[in-house]
Amino acid sequence: MIQQQMYARERSGIFRTTEGYDTIAKSSGLDPSFIKKVLHPLCVYDAPEELAVSGEKDEAAYPESMHLLHMDNGDILLGRSIYQATDFTGLRSAFFTHNYLIPGGADKKSSNDYRNWLQASFESSYNIVNGTVIPELKSLPVQPSRSVQPTHRSILSLLNIDEKRFKQLLYAVMAAVGGKKKVYVSLDVPIKQLPIMAKQLLSVLYGSLPYAYHDKLGFITYSKEPLSRKSIHITFVERGSLRAGDRSIEKDYTFDLANDRIMNVDLNGMDQPYLDFAWEQLELEQPDRADRFFQFAELMLAGMEPERAITAASYHELCVLFQIEEGNESLYEAHKTTVLRGLLEYLQPAGALESKIRLNDLFLSRFDYEYDQLRLGRVPENFIIDTIQKYYRLDPYSENKIVAFFILALNNVMKQKKQDATVYFYKAIESSEALSKAFFSKLMTDSRLIESLFIPFLEKKLGAAVGVQSLLQLIEQWGSKHSQLFGNSQFHTLAHKLLMDKLRYEGYSITAVSKTFKELRRLEGGASSGMKPSSYEAVNLYQDLEFSVYRTMLLELNLDRLTLDELSQADFLGFKDQLQRWQTEIKDPRQKSVALKLVTLNEWFADPEPTADIFSRLSQVEMDHVQQVGRQLLSGQVEFVDFNRIVLAFIRSSDMQTIDFAQLLDYLQKNAENKETIYRFFQWSENHPDFRKSRGFVPAYSSAIVSYFKKYDRSAFKKRTYRKQYFDKAGSALKAVYKQANHELSSSLMKFFRRNRKKAMIASTLGIVIIVAAGIMLSLNDKGESAKGEVPVPEGQPTIDVSSPAPSTIVYVEQTAASAGIEATTSLVFLFKDVTTCGKFSPTSLIVESPEGEAVTYTELELLPTCLISLEPPVPTDSNVEADTEDKTPEADNDSGVEAGTTPESMNSNYDPTDYPFEYKVNLGKQVDIAANSIVRIGEETYQLFEAPNDEQ
């Protein structure tokens, strides 16, 4: 029984109690879940754009939308949606949908049932007062047909569809039913006539489609936009909705007939026998002949895969066979592909060779004909090769004849040097495992065939492998299939050549070589487990390849470009027995040298605690090269754990007794992440025998440490953090070196005070008294001058000459960062050599002039004089001195976290800050940017800005 369902906008429905769209009536046989999941998504109507824009109210002007689709269980869903100007409220437009669910097998009395579907009668409205249950139907209601039906040819002519367009449309529909793409058609007709003309065009398509398509084709006669729906293959859409560049339909078949734009259907140059046949029936108006062909096709497709019934290629083949059966023998040469493949396809089902003897005899006669063509030296077309290869699967008893066919065919293409055909023929042979085995086994019985057909094939086959691993796997696969290959010298030569080519492409990198060794050892292990003679031959091949790879790598490898990652992946360097055996077999001195270097580098970086013994096998030249490579590898990881490895890079002679300490510390300075790493190295070296003697450090090492501080780290001993964390915790030997370094970094004045500490303290006390008295007298005498705006400056104070190596006064910029409740400020710091000049210095204003001549005057100055003698304490060496390690200089207390400002590198920094122990800081009252090489003017005196002392105070 046929089930019905009606859908509209009402006060309430079956599934909702409030107003809105819902099913308002249904037959009792319809499952509610089926209605909601399947039917409701199809109950939809979008008014045409052109009518919506114009505000058309006449329901008759709106096109109906009929839809038909075949369900997975064989049922047919046929329905129609129409526009309603008003709903039950009378205030808004709506739509009404009426669906029929036709059970599978029902209403299918003939192949012309599609005419009933297209002429089905539907309800246009329903009054919910009549209840929610509507009757089931025994048959589909159909509208009375016209007495005179237009011919298919006239319908196409009316729609301006010529032969080319019709073939394109028929092709697209067949492809859509058998595939995933959709067909969208925009007819050049008024919107009201669109569903009418769509149904007429559908009747033409149904009449031209084989019966199997009738059971699959789904359609919609009107849609506002092209929308993809399951089981809907062809949709007729409003004019203008198929827009160029629409990404949602760019891969589908689109027919914009109004604008003569058809997309994704290009049949030019394609052989489409069935399309020609279908058009011929339309031209000749021979529907009975078409029906005979459809019946013939059903018979030939019996027992085959269901997909074949909705594959266009089947009907291309069948229509040619059908016409040949009718007596048109000339079609074989014109459609050889269709004939052979068609015959083959319909011999596929089990038992077809016996049940379809006529077709089998026809195929064998074609085979004999093509074999005779080979004997004349001709090359068969690719499709003939495919057909015969597939026939072999059906009739393996014809093996000898088919193998002979392929050998003769390949000989012909090799003689004619048709490379593409050669590749295709071999591919066809390989696609059948049984045929491939029979064919190549036949080649192995004749040395001439091996040389002419097998080896050239393998060279192409193996050469196309992507990477070394794929190549070796193919070598193993072909050797396993045809074990005689492992004992064939030509195969050995070919495998060696191809493997070297692959490694050359990868630059013979350590990584590639290591992976190659790993794969070869795996294959060798697998072959060793066999007991056949071919297993021993396989092992020999893999071992020969390993040795060849190793020797070639030694020639091609550039150690200077070696990376730690590559070295860490060189697993083969751990097979010491094998490497020693290879070393004795290598004759080339250069290869021997590279091998020793590589093994040494591996031991250097792989062993947890390498020693200088690793260099014992190397000459001095080889050792120097290995150390150079090692320094490059270690440059990116100067850490505590690598200190021992780093030291090995600076052993100076082959006896391994001396170290180039100066170069070692230079290397650390250049590559260490920070100074602390170098300090940790100094601590580590205290316990290393290569750096110590019985009474302390090796003198050369002590000198190198002092030299390091003088060259790279002059302010190290002024940083309290460094002193507490590293210098104070050093052992006695290292403290002695630190003391020496600190002493040599001190100024002459500081050295004097250290030698005469008691006298210096007395002088400091007297100096403080004199400074205080002098300051009071000067402040009283200078009040008058200050009132006149003149700034008292030290008498005889010279203008600083940038080129002078020892100016009497240094000025630099210091930036003070903002802190809680305090704004950031900028200060000018004046450093003096003598206390008298510093004590007289008391500016009330100053001018900063940039290199461009721009001058800025600062008057709100905050003066911070600290004109006191500051003696840098020596590095403590025992407990008596340790109590005196508290800083006596302003710099030592600068651990507050405020970073001193710096000036650009162009400023002069040719001075020793320890020569200027007296400081006078002038805070400018705000934060400003002062350009490099600016000039500070105070009264008549001029000062050149210097770079701040690089002491990390």
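These are my notebook entries on what I looked up in this structure, which is a predicted model.

**Entry 1: the chain as a whole**

I began with the overall make-up, and I found 38 helices and 20 strands in the protein chain. I then asked how much of the chain is hidden, and noted that buried residues make up 49% of its 953 residues. For the outer surface I wrote down an accessible area of about 47,200 Å², of which carbon and sulfur atoms hold 50%. Turning to contacts, I took those between residues at least 6 apart in sequence, and saw that 67% of them join residues at least 24 apart.

**Entry 2: the largest pocket**

Next I looked for empty space, since rolling a probe the size of a water molecule over the atoms shows where such space is left. The largest pocket holds about 960 Å³ of space, and its lining is made of 42 residues. Which residues lie nearest the centre of the largest pocket? I listed Tyr114, Arg115, Gln149, His152 and Ser203.

I also wanted to know which elements supply the lining, and I noted that those giving two or more residues are helix H3 (113–118), helix H4 (152–158), helix H6 (194–208), helix H7 (211–214), helix H8 (273–284) and helix H9 (287–301). Of the elements, H6 gives the most to this lining, with seven residues. Sorting the lining by class, I recorded 19 nonpolar, 16 polar and seven charged residues.

**Entry 3: a lysine in helix H5**

I picked out Lys167, which is found in helix H5 (residues 163–178). Is Lys167 buried or exposed? Its relative accessible area is 13%, and because anything under 20% counts as buried, Lys167 is buried. Setting aside neighbours within four places in sequence, I found Lys167 in contact with Leu267, Leu275, Asp276 and Trp279.

**Entry 4: two residues and their distant partners**

I then followed Met66, which sits in strand E3 (residues 65–70) and is buried, with a relative accessible area of 0%. Which residues does Met66 touch, not counting those up to four places away in sequence? I wrote down Leu78, Gly79, Arg80, Trp117, Leu118, Phe122, Lys199, Phe219, Ile220 and Thr221. For one of these, Phe219, I looked up the spacing to Met66: the two are 153 residues apart along the chain, while their C-alpha atoms are separated by 7.9 Å.

For Leu523 I noted a place in helix H22 (residues 510–528) and a relative accessible area of 6%, so Leu523 is buried. Leaving out residues up to four places away in sequence, Leu523 touches Leu472, Glu476 and Tyr542. I also checked Ile475, which is 48 residues from Leu523 along the chain, and found 9.9 Å between the C-alpha atoms of the two.

**Entry 5: aromatic rings**

Counting ring pairs, I arrived at 74 aromatic pairs. In one of them, Trp604 and Phe605 have ring centres 5.3 Å apart and planes at 35 degrees, so I entered the pair as tilted. Trp604 is buried at 0% relative accessibility, and Phe605 is buried with a relative accessible area of 15%.

How do the rings of Trp684 and Phe691 meet, stacked or edge-to-face? This pair is edge-to-face, with 6.1 Å from centre to centre and 70 degrees between the planes. Both Trp684 and Phe691 are buried. I also recorded one aromatic cluster, formed by Tyr679, Phe682, Tyr708, Phe709, Tyr712, Phe717, Tyr722, Tyr726, Phe727 and Tyr738.

**Entry 6: two loop residues with positive phi**

Last, I looked at backbone angles, and noted that Ser231 has a positive phi of about 70 degrees although it is not a glycine. Ser231 is found in the loop between strand E7 (219–223) and strand E8 (234–237), and at 19% relative accessibility Ser231 counts as buried, because the limit is under 20%.

Asn933 also is not a glycine, and I recorded a positive phi of about 65 degrees for it. The loop that holds Asn933 lies between strand E18 (918–923) and strand E19 (935–938). Is Asn933 buried or partly exposed? With a relative accessible area of 32%, Asn933 is partly exposed.

Note on methods. Residues numbered from 1 in each chain as written. Predicted model: local features only at pLDDT ≥ 70, side-chain atom pairs only at ≥ 80, totals over all residues. Heavy atoms only, no water. 1 Å grid on protein atoms, 1.4 Å probe; cavity = no way out; pocket = protein on both sides within 12 Å on 5 of 7 lines; lining within 4 Å. Points joined across faces, edges and corners; volume = space filled by probe spheres on them. Helix = DSSP H or I, 4+ residues; strand = E, 2+ residues; numbered from the N terminus. Nonpolar A, V, L, I, M, F, W, Y, C, P; charged D, E, K, R; others polar. Buried < 20%, exposed > 50% of the residue type's maximum accessible area, 1.4 Å probe, protein only. Contact = heavy atoms within 4.5 Å. Areas by Shrake-Rupley, 256 points an atom, 1.4 Å probe, with all protein chains shown as cover. Phe/Tyr/Trp six-rings, centres within 6.5 Å; stacked < 30°, edge-to-face > 60°.
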